[in-house]
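Work through the exercises below with the model open beside you. Try each task before reading its solution.

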Amino acid sequence: DLKFIVCCGDITHSGLSREFEWYSEIIKDSKYPVITVIGNHDYRSNGLKIYNRMFGPTNTSFMYMGYNFVMFDDVVWENNNQSPRFDWLKEELDKCDSPCVLLAHIPPCSDQLEGIYCQTFTRLISESNLILCLHGHSHSFSEKLVGGVPSIVSDNIGDREYCIVKLIDRYYKIVRITF
């Protein structure tokens with residue numbers, strides 16, 4: 001039943017081209033499409049340029065099976081402390097007539113997204129058609145509501161865990177798989 005795989009960032013440690021190549025070699029044999037969000041480690045060195053060349057823009061969206069998936073680049077520190085493109089995110093979320101799922105590396109209101117970033121993110125989430133937010137970054141599983149929307153952080157694959165998410169109308173079911 002699996003349709004595609006989402007990696008919520010940090011596919012590299014140092015943003016080096018060889019690390020991106022290793023990741024590419026690993027995913028090329030996947031029988032499922034792999035959607036890759038940029039993480040803060042992927043920004044290091046010339047990582048942003050390499051990511052753009054390999055995967056395209058860091059902010060983008062796509063429709064699949066009646067759901068709008070929004071990939072949002074919310075990295076701050078490794079992005080020269082620039083604010084995430086909240087204007088872009090608002091525009092994308094405003095366009096969502098169907099249920100919407102946000103894919104971003106850093107969970108709202110955690111280290112890089114404190115203060116005004118947290119307030120802005122929370123407001124945009126609460127005013128949207130989002131049904132679920134999926135994140136990486138924190139290296140441990142968590143599930144909480146942010147702006148009334150479930151926000152899930154998956155565990156680090158290095159800790160031998162991943163999640164399977166099933167979308168059913170405006171609801172989701174998550175299964176944590178350890179191996």
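**Exercise 1: Two aromatic pairs**

Phenylalanine 72 and phenylalanine 121 are both buried (buried is under 20% relative accessible area, exposed over 50%, partly exposed in between, with a 1.4 Å probe and protein chains only). This is a predicted model: local features need pLDDT of at least 70, side-chain atom pairs count only at pLDDT 80 or more, and totals for chains, interfaces and linings use all residues. Residues are numbered from 1 along each chain as its sequence is written, and side-chain values use heavy atoms, with hydrogens and water left out.

Task: Classify the pair of phenylalanine 72 and phenylalanine 121.

Solution. Start with the rule: rings of Phe, Tyr and Trp (its six-membered ring) pair if their centres lie within 6.5 Å; planes under 30 degrees apart are stacked, over 60 edge-to-face, the rest tilted. The structure holds 13 aromatic pairs. In this one the rings lie 5.7 Å centre to centre, with 85° between the planes. The pair is edge-to-face. Next, place the partners: phenylalanine 72 is in strand S4 and phenylalanine 121 in helix H4, 49 residues apart. Helices (H or I, at least four residues) and strands (E, at least two) are DSSP runs, numbered from the N terminus.

Now take phenylalanine 86 with phenylalanine 121. Their ring centres are 5.9 Å apart and the planes stand at 70°, so this pair is edge-to-face. It links helix H3 to helix H4 across 35 residues. Phenylalanine 86 is buried.

**Exercise 2: Helix against helix**

Task: Describe how H3 and H4 are arranged.

Solution. Take the axes, which are lines fitted to C-alpha atoms over the stretch in contact, with angles from 0 to 180 degrees between N-to-C directions. The axes of H3 (residues 86-95) and H4 (residues 116-126) come within 10 Å and cross at roughly 10°. H3 is therefore roughly parallel to H4 (angles under 35 degrees; over 145 is roughly antiparallel, 65 to 115 roughly perpendicular, the rest oblique). Then list the contacts (heavy atoms within 4.5 Å): Phe86, Leu89, Lys90 and Leu93 in H3 meet Tyr117, Thr120, Phe121 and Leu124 in H4.

**Exercise 3: Tyrosine 162**

Task: Is tyrosine 162 buried, partly exposed or exposed?

Solution. Tyrosine 162 lies in strand S9 (residues 161-168). Its relative accessible area is 37%, so tyrosine 162 is partly exposed. Beyond its neighbours within four places in sequence, tyrosine 162 contacts Ile157, Val175, Arg176, Ile177 and Phe179. The C-alpha atoms of tyrosine 162 and arginine 176 are 6.0 Å apart, at 14 residues' separation along the chain.
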